[in-house]
Amino acid sequence: MKHVPARRTDADCTVREDPAEIPALRGTARVIIASTRAADGSYEDRTGPRLVQWLQARGLDAVDKRVVSDGPEVGQALAVALGEGIDIVVTSGGTGISPTDVTPEQTAPLIDREMPGILEAVRRRGAEKIATALLSRGLAGMAGRSFVVNLPGSRGGVEDGIAVLDPILDHLLEQRDGGDHA
């Protein structure tokens, strides 16, 4: 399957999904929002709906969202998703440097093969707009047959993550399944 990149606008970093240009993905996805305030209802989750919309637009069979408190609940939610064999697990939040930002620490023990270039690209893209994007500590990699990626909790960080992930997800899943390089 030949990949044709999605159209993007530089002004808002929004991925423009055109079904004629973007290959549909096969599989399942889960979005895990790491936010104590969103979990207790005192803060509106602003990144989860965007991530779910993007993944659904890519044609994934089932996409659901869980909102959990920062800390061990992130690791528990990740372990459940991996146990269920979810193909793509995207977290948002908990990647900064505050004492409660421990999403990478909860993710690291579950990753079998790290993919550092993905988050390096997200940070580099974000740093073009705001220097503090370099403080994000997210991880990406394979946990068995599941792809796991930690995106920042900001809307801009999520848009940067989508822009980086969108053109590679189909190839990533093909490679996971033993596909050859085009």
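**Exercise 1. Determine in which element Leu 82 is found and which residues distant in sequence it contacts.**

Solution. In this predicted model, Leu 82 belongs to helix α3, which spans residues 72–83. Once neighbours within four places in sequence are set aside, the contacts of Leu 82 are Val 89, Leu 110, Ala 143, Ser 146 and Val 148. Take Ser 146 from that list: 64 residues separate Leu 82 from Ser 146 in sequence, yet their C-alpha atoms are 6.6 Å apart in space. For the protein as a whole, 75% of the contacts between residues at least 6 apart in sequence join residues at least 24 apart.

**Exercise 2. State the strand order of the open sheet of six strands, and identify its edge strands.**

Solution. The order is β4-β3-β5-β8-β7-β6, and the pairing is mixed. The edge strands are β4 (62–68) and β6 (113–114), each of which pairs on one side only. Helix α5 (residues 116–127) packs on the sheet and touches β6, β7 and β8. The direction of α5 makes about 30° with that of β8.

The pairings can then be taken in turn. Strand β3 (residues 28–34) runs parallel to β4, and seven bridges join the two; Ala 34 stands opposite Val 68 of β4. Strands β5 and β8 are also parallel, with five bridges between them. By contrast, β7 and β8 run antiparallel and are joined by four bridges. These two strands form a hairpin with two residues between them, and Gly 144 in the turn has a positive phi of about 65°.

**Exercise 3. Decide whether the residues of β8 are buried or exposed, and describe how they point from the strand.**

Solution. The criterion for a buried residue is a relative accessible area under 20%. Six of the six residues of β8 are buried, so this strand is largely enclosed by the rest of the structure. Ser 146, Val 148 and Asn 150 point one way, whereas Phe 147, Val 149 and Leu 151 point the other way. Val 148 has partners in two strands: Val 89 is its bridge partner, and Gly 141 stands opposite it.

**Exercise 4. Identify the residues with the most contacts inside the largest nonpolar core, and name the elements that give two or more residues to it.**

Solution. The largest nonpolar core has 28 residues, and those with the most contacts inside it are Leu 55, Ile 88, Phe 147 and Val 149. Elements giving two or more residues to this core are β3, α2 (48–57), β5, α5, β7, β8, α6 (155–165) and α7 (169–176). A second, separate core has 13 residues, including Ile 32, Ala 77, Ala 81 and Val 148. Turning to Phe 147, its contacts beyond four places in sequence include Ile 88, Val 89, Met 115, Ile 118, Leu 165, Leu 169 and Leu 172. As a general rule, in soluble globular proteins nonpolar side chains tend to be buried together.

**Exercise 5. Establish where Thr 95 is found, and with which side chain its own side chain makes a polar contact.**

Solution. Thr 95 is found in the loop between β5 (88–92) and α4 (103–107). Its relative accessible area is 4%, and therefore Thr 95 is buried. The side chain of Thr 95 makes a polar contact with the side chain of Ser 136, at 3.2 Å. Residues that Thr 95 touches, leaving out those up to four places away in sequence, include Asp 101, Pro 104, Arg 137, Asn 150 and Pro 152.

Methods: Residues numbered from 1 in each chain as written. Predicted model: local features only at pLDDT ≥ 70, side-chain atom pairs only at ≥ 80, totals over all residues. Heavy atoms only, no water. Contact = heavy atoms within 4.5 Å. Buried < 20%, exposed > 50% of the residue type's maximum accessible area, 1.4 Å probe, protein only. Polar contact = N/O pair within 3.5 Å; in protein donor to acceptor, adjacent residues only side chain to side chain. Pairing = 2+ DSSP bridges. Axes fitted to C-alpha atoms, helices over the stretch in contact; angles between N-to-C directions. Core = buried A, V, L, I, M, F, W, Y, C linked by side-chain atoms within 4.5 Å.
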